[in-house]
Amino acid sequence: MDVKLTRRQFFKVCAAGMGTSSLGVLGFAPSAALAEVREFKLARTTETRNTCPYCSVGCGIIMYSLGDGAKNAQSEIIHIEGDADHPVNRGTLCPKGAGLLDFVHSPNRLKYPEYRAPGSSEWKRISWDEAFDKIARHIKDDRDQNFQAKNAEGVTVNRLLSLGMLAASASSNETGYLTHKFARSLGLLAFDNQARV
Ligand code: SF4
């Protein structure tokens, strides 16, 4: 039978195999040894590939979650490690990336948009639809008011100097490309990012 394993599956099998064979070396019978080995903690997890959100290096990560997606079951990420198949980091992570699990489960992590009205000191939770509508409205109004097609000498400049954009680093090259197109199509010059855009 031709059995093909990915690199990660190979490591899983090796980890379980090393556990059982080590017990065998210590004098346990193989059947007893197999029965005593604790289940490898990632064996029943779902793997999801992602990109480390911290810096522009863009290391690939694999997030392992428990939970079968049933209606009342909430899946939970229990382990994160570098993606050995990723061309950027080949499975390695720096200390920040290695601490991503704490980032994911931090009680301070912002998971939804918030809005602070002018003059107010309170942040209020709003829906994503509401947030997108507000952002689009502000951009449109600002652009209608301040877009410059030509400068004082009559040279075509097509620029919008009253608005800036700061984008995140956890994007793929493709997302970065589209973000760049979007910003420049508005006429934005003040556009900053980490290295991927
Ligand atoms: S693991 Fe470290 S080097 Fe890699 S993207 Fe994350 S912060 Fe940057």
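## Exercises on a predicted model

Not counting residues up to four places away in sequence, Gly-82 touches Gly-60, Ile-61, Asn-89, Gly-91, Thr-92 and Leu-93. The structure examined here is a predicted model.

**Exercise 1. Determine where Gly-82 lies and whether Gly-82 counts as buried or exposed.**

Solution.
- Step 1. Gly-82 belongs to strand β3.
- Step 2. The relative accessibility of Gly-82 is 11%. Buried means under 20%, and therefore Gly-82 counts as buried.
- Step 3. For a distance across the fold, take Asn-50: Gly-82 and Asn-50 are separated by 32 residues in sequence, and their C-alpha atoms are 9.7 Å apart in space.

**Exercise 2. Describe how β1, β2 and β3 pair, and state how far β2 is enclosed.**

Solution.
- Step 1. Strand β1 (residues 46-51) runs antiparallel to β2, and six bridges join the two. Within this pair, Thr-51 has Gly-60 in β2 as its bridge partner.
- Step 2. β2 is also joined to β3 by six bridges, again in the antiparallel sense. Here Leu-66 stands opposite Glu-76 in β3.
- Step 3. In general, strands of a sheet pair through backbone hydrogen bonds, either parallel or antiparallel.
- Step 4. Of the seven residues of β2, six are buried, so this strand is largely enclosed by the rest of the structure.

**Exercise 3. Identify the residues of the largest nonpolar core and the elements that supply at least two of them.**

Solution.
- Step 1. The largest nonpolar core has eight residues: Cys-52, Cys-59, Ile-61, Met-63, Ile-77, Ile-80, Leu-100 and Val-104.
- Step 2. At least two residues of this core come from each of β2 (60-66), β3 (76-82) and α4 (100-105).
- Step 3. A second core, separate from this one, has six residues, including Leu-160, Ala-167, Ala-183 and Phe-191.
- Step 4. Consider Met-63, a member of the largest core. Apart from neighbours within four places in sequence, Met-63 is in contact with Thr-46, Glu-47, Thr-48, Asn-50, Ile-77, His-79 and Ile-80.

**Exercise 4. List the residues around the ligand and sort them by class.**

Solution.
- Step 1. Around the ligand are Cys-52, Tyr-54, Cys-55, Val-57, Gly-58, Cys-59, Leu-93, Cys-94, Lys-96 and Gly-97.
- Step 2. The shell divides into seven nonpolar residues, two polar residues and one charged residue.
- Step 3. Compare with the core of Exercise 3: Cys-52 and Cys-59 appear in the shell around the ligand and in the largest nonpolar core.

**Exercise 5. Establish the strand order of the sheet that contains β7, and locate the helices packed on it.**

Solution.
- Step 1. Strand β6 (residues 148-150) and β7 are antiparallel and are joined by two bridges. Lys-150 stands opposite Thr-156 in β7.
- Step 2. The hairpin of β6 and β7 has five residues between the strands, and Gly-154 in this hairpin takes a positive phi near 85 degrees.
- Step 3. β7 pairs with strand β8 (residues 188-192) in the parallel sense, over four bridges. Met-165 has Phe-191 in β8 as its bridge partner.
- Step 4. The result is an open sheet of three strands, in the order β6-β7-β8 and with mixed pairing. β6 and β8 are the edge strands, since each pairs on one side only. On average, neighbouring strands of this sheet are turned by 25 degrees against each other, direction ignored.
- Step 5. Helix α5 (residues 128-146) packs on the sheet and touches β6 and β7, with its direction at about 150 degrees to that of β7. Helix α6 (residues 173-186) also packs on the sheet, touching β7 and β8, and its direction makes about 150 degrees with that of β8.

**Exercise 6. For Arg-90 and Asn-158, state the phi angle, the location and the exposure.**

Solution.
- Step 1. Arg-90 is not a glycine, yet its phi is positive, at about 50 degrees. Arg-90 is placed in the loop between β3 and α3 (95-98).
- Step 2. The relative accessibility of Arg-90 is 54%. The cut-off for exposed is over 50%, so Arg-90 counts as exposed.
- Step 3. Asn-158, likewise not a glycine, has a positive phi of about 45 degrees. Asn-158 is located in strand β7 (residues 156-166).
- Step 4. With a relative accessibility of 42%, Asn-158 counts as partly exposed.

Technical notes
Residues numbered from 1 in each chain as written. Predicted model: local features only at pLDDT ≥ 70, side-chain atom pairs only at ≥ 80, totals over all residues. Heavy atoms only, no water. Near = heavy atom within 4 Å. Nonpolar A, V, L, I, M, F, W, Y, C, P; charged D, E, K, R; others polar. Core = buried A, V, L, I, M, F, W, Y, C linked by side-chain atoms within 4.5 Å. Buried < 20%, exposed > 50% of the residue type's maximum accessible area, 1.4 Å probe, protein only. Contact = heavy atoms within 4.5 Å. Pairing = 2+ DSSP bridges. Axes fitted to C-alpha atoms, helices over the stretch in contact; angles between N-to-C directions.
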